[in-house]
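Trainee: I'd like to zoom in on one part of this model instead of skimming the whole thing. Could you pick a helix, walk me through how it packs, and then follow the side chains and backbone outward from there?

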Amino acid sequence: TAPTPPPPAPQPLAGRVVVLDPGHQLGNGRFPAEVDRLVDAGGFDKACNTTGTSTDDGYPEATFTWQVAVEVRRRLRALGARVVMTRDDNSASEWGPCIDERGRIGNPGEPGPTADVRISLHADGNRSSTAHGFHVIRPGERSGWTDDVVTPSQRLAVALRDALVRAGFAPSTYLGEDGIDVRTDLGTLNHSDVPVVMAELGNMRDAGDAAVMESDAGRRRYARAVVTAVRTFLGA
């Protein structure tokens, strides 16, 4: 008789749930009334969303974040994780969802699985000639809102910052300290009841950052770093 094959190796992220939040939506600019509507951003009002930025030759932030998120999702699924995206596509005929909804998806008590971690993917549009590099934003202390996630989110921010540096990306020259910024005014972070960070993966108005973002190889580098950070944070 043939020998019994060995059991398959356990998947390191089996049973884990990751929420990926690709910033904006390609069609946001076509729906100003909906996107400008005020929503609760954590005890104060803020616009539902924004249009995002783009590179100088018109590559949209919404498309960049979507393409990176899709690659991150593919890699996380291969490791056994369940991945929840805050939007289902990158469509010029759609808008949203709003920042409050993005921050609640995956929270305990919300529809769908409860997440172990949430990562919001963005890119910046700073027009200063010296502004380049990434920064990772973690939630600051906001009583009644972020108290439960500040400490683990700080660990997540460090894990993502370190993974991006190891992948060859330079920390921001213009925001944060050693690649990490702390904010209390972002609804996506304030509404999260699971560990959360927002990654501004680079400055789309910087020619060097833009060239990396617009390349398949560059987006794969970003995706590998995000997956590395998730594994580090979850101990997998």
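Mentor: Here comes one helix and its two packing partners, followed by salt bridges and a few backbone details.

First, the ground rules. This is a predicted model, so local features need pLDDT of at least 70 and side-chain atom pairs count only at pLDDT 80 or more, while totals for chains, interfaces and linings use all residues. Residues are numbered from 1 along each chain as its sequence is written, and side-chain values use heavy atoms, with hydrogens and water left out. As for element names, helices (H or I, at least four residues) and strands (E, at least two) are DSSP runs, numbered from the N terminus.

Our helix is α7, residues 216-234. Two packed helices are described by the angle between their axes and the distance between the axes. Axes here are lines fitted to C-alpha atoms, for helices over the stretch in contact, and angles run from 0 to 180 degrees between N-to-C directions.

Take α4 as a partner. α4 and α7 pack at an angle of about 140°, their axes being 8 Å apart. That makes the two oblique to each other: under 35 degrees counts as roughly parallel, over 145 as roughly antiparallel, 65 to 115 as roughly perpendicular, and the rest as oblique. The crossing of α4 and α7 is right-handed, meaning that the near helix is turned clockwise from the far one by less than a right angle; anticlockwise would be left-handed. On the α4 side, the contact (heavy atoms within 4.5 Å) is made by residues including Leu156, Ala159, Leu160 and Ala163, and α7 contributes residues including Tyr222, Ala225, Val226 and Ala229. By class, this contact has 11 nonpolar, 2 polar and 2 charged residues. In that scheme, Ala, Val, Leu, Ile, Met, Phe, Trp, Tyr, Cys and Pro are nonpolar, Asp, Glu, Lys and Arg are charged, and the others, Gly among them, are polar.

Then there's α2, residues 61-78, which packs with α7 at an angle of about 50°, with axes 9 Å apart. α2 and α7 are oblique to each other as well, and their crossing is right-handed. Among the residues making this contact are Phe64, Val68, Glu71, Val72 and Arg75 of α2, and Arg219, Tyr222, Val226 and Val230 of α7. The class tally for α2 with α7 is 9 nonpolar, 1 polar and 5 charged residues.

Arg219 is a handy bridge to the next topic. Side chains of opposite charge can pair when their charged atoms come close. The cut-off used for a salt bridge is a side-chain nitrogen of Lys or Arg within 4 Å of a carboxyl oxygen of Asp or Glu. Arg219 meets Asp216 in such a pair, at 2.4 Å from N to O. The two sit 3 residues apart in α7, so about one helical turn separates them. Arg219 is buried at 10% relative accessibility, and Asp216 is partly exposed at 48%. Those words follow fixed limits: buried is under 20% relative accessible area, exposed is over 50%, and partly exposed is in between (1.4 Å probe, protein chains only).

Across the whole structure, a search finds 10 salt bridges. Away from our helix, Lys46, Arg183 and Asp185 are linked in a network. Asp185 pairs with Lys46, their closest N and O atoms being 3.7 Å apart. That pair links distant parts of the chain, with Asp185 in the loop between β7 and α5 (187-190) and Lys46 in strand β3, 139 residues apart. Asp185 also pairs with Arg183, at 2.9 Å from N to O. Partly exposed is the verdict for Asp185 at 28%, for Lys46 at 27% and for Arg183 at 27%.

Finally, the backbone. A cis peptide bond, omega about 0°, joins Gly96 and Pro97, and Pro97 lies in the loop between β4 (82-85) and α3 (99-104). His24 isn't a glycine, yet has a positive phi of about 70°; this residue lies in the loop between β1 (17-22) and α1 (32-36) and is buried, at 7%. Asp178, another non-glycine, has a positive phi of about 55°. Its place is the loop between α4 (150-166) and β7 (180-183), where Asp178 is exposed at 59%.
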